[in-house]
Amino acid sequence: MTQPTPRRVDDTQTALLSADAYWWRFCLLIFALKFFLFALDPLPKFYLGDSGSYIWTALTGWMPPDRSFLYGCVIRWSSIWTESLNSLMILQAFVGAGTALVFASTCRLIFQLSPRLSYVFGILCSIDPLQLLWEHYVMTETISLFLYVVMLRYSFLYLRDRRVRDLVLVQVLAVVLLSFRLSYLILVQVSTVILPIMAFLPLAYARFRGDSKAPSRTSIVKQVSYHLLLSMLLMLVLHRGYKEINGALSHREPDYGYDTGLHLLAVWAPALKPKDAVDPRLAQVIAQGGEYHIERLAKRNSQRFTPGFLVDRWLKLEGDAKKANEIGEQTAMRALRRNPLQILYLAAQTFGQYWHLKDLQHYMKLDLGQADLTREQCSMLAERFHLATDGRIRGAPPTILQIYFLRSYLYCLLVMTAPALAGASLLLRRTRNYCALVLLHATITLAVVTTFTPSPSVRYLQPVSLLTLLILAVYAKALSDRRAIHGALITGDIRKNDPV
């Protein structure tokens, strides 16, 4: 006998899985879990200088040149009027719960996991050590991850239904995501082009196989062209709007950020040669690289921020920060064009650093905070937010959640294999298109993390961790289906040669 085709759950009617008997209890459990963990570790934590920049934006309206600006506004809206950062922490606990709920509903509605399996993976998402810790920091990670998982959900819906409204929502969510975290920029740009093509590939394959029910070749080409042009137009318009707003608030020319060139100069410092420089003064600084260890991989963060190293020396010669950034970007891009393999080698070296346990544990400790609060910062926090602190960050005893994070290094190694896990999941036919999107996202995110960051940081793996859990959910679904079929064969509910 033929197994009946399962009825697809309409996401518009059951967006929160309210059709499942235990959905609301699951929601209550997730919120209870989040606030129990908040009660265990209630004090806000800081990662300087990121946290300091966001708080300064909230207090003064100053726009950071190298970070997205909207998180500072969230601090202003949530904490200035309450004169407490606890309101921000409570908001982030709600947002973290929302991430877990969207993740669970995606498992159920897109990947068709059973309610029980969806809830299990929703709970795993809520206690993911790469997510949980940052809900307690004055950092943009929690809100940006929520926006990312919502964008991912609508990307899956677009792949499934090819609705224009879902494509529009993906682009709108993407630009809001960038306003919290610019590191998603390359992923958003690539997805703009790839997503419409992926959505219509199953129809093109069906036509290629001669399926009479598939649309004609001309119809497929017209539809994919329309969706692709719409996606690209939306990205150009929305991103132009973002840059105009950022420029107006920063009182500068429209752009995503204003320190990109100096950042690339530091990250790719070991690959630089004097001949790459477009300014003879910068060529001289690079030629003197032996004095400040320009060739050493571990010194790239120092090249960016430490006095006496590459960027500091260059800024002292070129007092105009805007011009220094432009020259730095041109120099870095010349190095890339001259020897792209060397830049890839730097990325491969950074990737390899994650696999040395001692190095990984060292960098995880640095992720907790690399600098203590100054006396002035402590006074400001006491005056504006009624937060009493001795200012210790690096030397402070780790909290429960920090210990949980530090002991998750083996899980971090699993996260680093996300592209391989996603690639293997392409063998599962029913979810192949979705898994291909997960593979794309995991690969691009890891490439960005290893190519454009000066040192390994587990914090940057947060979206890859969510994708890893999603792939594990897919495997759990496949295993559950196989056991169900095997059980039906044993009981005689279906015969061995019946189609399923």
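Does His386 count as buried or exposed, and at what relative accessibility? I looked this up first in the model, which is a predicted one. His386 counts as exposed, at 56% relative accessibility. I placed His386 in the loop between helix H18 (375–385) and helix H19 (400–406). I then read its backbone: phi is positive, about 55 degrees, although His386 is not a glycine. For context I noted that most residues other than glycine have a negative phi, and that most peptide bonds are trans.

**Entry: a second histidine**

I turned to His293, which sits in the loop between H12 and H13. Its phi is positive as well, about 60 degrees, and His293 is not a glycine. I recorded a relative accessible area of 32% for His293, so this residue is partly exposed, since exposed requires over 50%.

**Entry: a cis peptide bond**

I looked up the bond that joins Leu48 and Gly49 and found it to be cis, with omega about 5 degrees. Gly49 belongs to the loop between H1 and helix H2 (50–60).

**Entry: the chain as a whole**

I counted the secondary structure of the chain as 23 helices and zero strands. I compared the radius of gyration with the value for a compact globule: 500 residues would give near 23 Å, and the chain has 25 Å, which agrees. Along the principal axes, the C-alpha atoms fill a box of roughly 80 × 55 × 45 Å.

I found 51% of the 500 residues to be buried. Of the contacts with a separation of 6 or more, 75% are between residues 24 or more positions apart. The exposed area of the chain is about 23,700 Å², and carbon and sulfur atoms supply 62% of this area. For charge, I noted 53 positive and 35 negative side chains, with the centres of the two sets 9 Å apart.

**Entry: helix H14**

Which residues of helix H14 (residues 310–317) are buried? I listed Leu310, Val311 and Trp314. Viewed down the axis of H14, these buried residues fall within an arc of 90 degrees, so they line one face of the helix. I set beside this the general rule that an α-helix has 3.6 residues a turn, so residues three or four places apart point the same way. I also looked up what covers the buried residues of H14; the cover includes helix H11 (260–267), helix H12 (280–287), helix H13 (300–305) and helix H15 (321–338).

**Entry: Met139**

I located Met139 in the loop between helix H6 (129–132) and helix H7 (141–161). Met139 has 1% relative accessibility and therefore counts as buried, the limit being under 20%. Leaving out residues up to four places away in sequence, I found that Met139 touches Tyr47, Asp50, Ser51, Tyr54, Tyr71, Gln92, Trp134 and Arg459. I also took the C-alpha to C-alpha distance from Met139 to Leu470, which is 24 Å, for residues 331 apart in sequence.

**Entry: Phe35**

I found Phe35 in helix H1 (residues 23–40). Its relative accessible area is 26%, so Phe35 is partly exposed. Which residues is Phe35 in contact with, leaving aside its neighbours within four places in sequence? I recorded Ile90, Ala93 and Phe94. Finally, I noted that the C-alpha atoms of Phe35 and Ala382 are separated by 24 Å, with their positions 347 residues apart along the chain.

Definitions and conventions
Residues numbered from 1 in each chain as written. Predicted model: local features only at pLDDT ≥ 70, side-chain atom pairs only at ≥ 80, totals over all residues. Heavy atoms only, no water. Helix = DSSP H or I, 4+ residues; strand = E, 2+ residues; numbered from the N terminus. Rg over C-alpha atoms; globule rule 2.2 N^0.38 Å. Buried < 20%, exposed > 50% of the residue type's maximum accessible area, 1.4 Å probe, protein only. Contact = heavy atoms within 4.5 Å. Areas by Shrake-Rupley, 256 points an atom, 1.4 Å probe, with all protein chains shown as cover. Lys, Arg positive; Asp, Glu negative; His and termini not counted. Charge placed at Lys NZ, Arg CZ, Asp CG, Glu CD. Arc of directions from axis to C-beta.
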